[in-house]
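User: I am learning to read protein models, and I would like a careful, close look at a single part of this one. Please work outwards from one residue to the surroundings that it sits in.

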Amino acid sequence: MEWIVEGVAHISTSAFVAVATAIQPGAMVSFAVYAVAIATIIVLAAVSVFTGFRVVLLHFRLCPFIFGVSAALIACGAWL
């Protein structure tokens with residue numbers, strides 16, 4: 001069940017960023033959407049640090065790093 005919720009969070013976050021970028025990437029609302037998306041991904045990374053590192057499987061242990069790279073890419077795309 002947790003995987004479904006996390007998947008929905010990722011899909012909705014990416015949809016919000018894509019729509020904000022497609023409509024008007026330079027608007028203040030778009031920057032707010034980017035900031036909320038980055039914060040959401042960082043929170044998911046923090047949750048993964050506390051839950052994913054307890055699992056032996058490698059792909060669960062990589063989640064915080066992948067989330068961090070995703071947040072950094074959104075930040076670079078939004079503010080550079």
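Is S48 buried or exposed, and what is its relative accessible area?

Analyst: S48 is buried, with a relative accessible area of 7%. It receives that label because the cut-off for a buried residue is a relative accessible area under 20%, and the 7% of S48 satisfies this. Please keep in mind throughout that the model is a predicted one, and that the values below are computed from it.

To see what surrounds S48, it helps to begin with the whole protein. The protein has four helices and zero strands, so that, read from the N terminus, its elements run α-α-α-α. The C-alpha atoms fill a box of roughly 45 × 25 × 15 Å along the principal axes. Of the 80 residues, 26% count as buried, and S48 belongs to that group. The accessible surface of the protein comes to about 5,500 Å², and carbon and sulfur atoms account for 81% of it. If you consider the contacts with a separation of 6 or more, 50% are made by residues 24 or more positions apart, and the surroundings of S48 offer some examples of such residues.

S48 itself has its place in helix 2. When its neighbours within four places in sequence are left aside, S48 is in contact with E6, F53, C63, P64 and F67. Two of the helices that meet helix 2 are represented among these partners: E6 is one of the residues of helix 1 that take part in the contact with helix 2, while C63, P64 and F67 are among the residues that helix 4 brings to its own contact with helix 2. S48 is therefore listed on the helix 2 side of both contacts, once facing helix 1 and once facing helix 4, and its label is that of a buried residue.

Let us take the two contacts in turn, starting with the one towards the N terminus. Helix 1, residues 2–23, and helix 2, residues 28–52, pack at an angle of about 160°, and their axes are 9 Å apart. That angle makes helix 1 roughly antiparallel to helix 2, because angles over 145 degrees are counted in this way. Their crossing is left-handed. On the side of helix 1 the contact includes E2, E6, A9, H10 and T13, and on the side of helix 2 it includes S30, A37, T40, L44 and S48. The residues of this contact divide into eight nonpolar, seven polar and two charged.

T13 gives a second view of the contact between helix 1 and helix 2. T13 has its place in helix 1 and counts as buried, at 11% relative accessibility. Apart from its neighbours within four places in sequence, T13 is in contact with A37 and T40, which are both among the helix 2 residues that meet helix 1. Elsewhere in helix 1 there is G7, which is partly exposed with a relative accessible area of 26%, whereas T13 is buried.

The other contact joins helix 2 to helix 4. These two helices pack at an angle of about 170°, with their axes 8 Å apart, which makes helix 2 roughly antiparallel to helix 4. The crossing of helix 2 and helix 4 is left-handed. Among the residues that meet here are Y34, I38, I41, L44, S48 and V49 in helix 2, and C63, P64, F67, I74 and W79 in helix 4. The residues of the contact divide into 18 nonpolar, two polar and no charged, and S48 has its place in this mainly nonpolar set.

Helix 4, residues 63–79, also has residues that are not buried, and they make a useful contrast with S48. G68, found in helix 4, is partly exposed with a relative accessible area of 36%. C76, also found in helix 4, is partly exposed at 41%, and its C-alpha atom is separated by 10 Å from that of Y34, a residue 42 positions away along the chain. L73 lies in helix 4 as well, and it is exposed, with a relative accessible area of 58%; L73 and I38 are 35 residues apart in sequence, with 9.3 Å between their C-alpha atoms.

To return to your question, S48 is a buried residue at 7% relative accessible area, in contact with E6, F53, C63, P64 and F67.

Methods. Residues are numbered from 1 along each chain as its sequence is written. This is a predicted model: local features need pLDDT of at least 70, side-chain atom pairs count only at pLDDT 80 or more; totals for chains, interfaces and linings use all residues. Side-chain values use heavy atoms; hydrogens and water are left out. Buried means under 20% relative accessible area, exposed over 50%, partly exposed in between (1.4 Å probe, protein chains only). Contact means heavy atoms within 4.5 Å. Accessible areas come from the Shrake-Rupley method with a 1.4 Å probe; for residues, only the protein chains shown count as cover. Axes are lines fitted to C-alpha atoms, for helices over the stretch in contact, and angles run from 0 to 180 degrees between N-to-C directions. Angles under 35 degrees count as roughly parallel, over 145 as roughly antiparallel, 65 to 115 as roughly perpendicular and the rest as oblique. A crossing is left-handed if the near helix is turned anticlockwise from the far one by less than a right angle, and right-handed if clockwise. Ala, Val, Leu, Ile, Met, Phe, Trp, Tyr, Cys and Pro count as nonpolar, Asp, Glu, Lys and Arg as charged, and the others, Gly among them, as polar.
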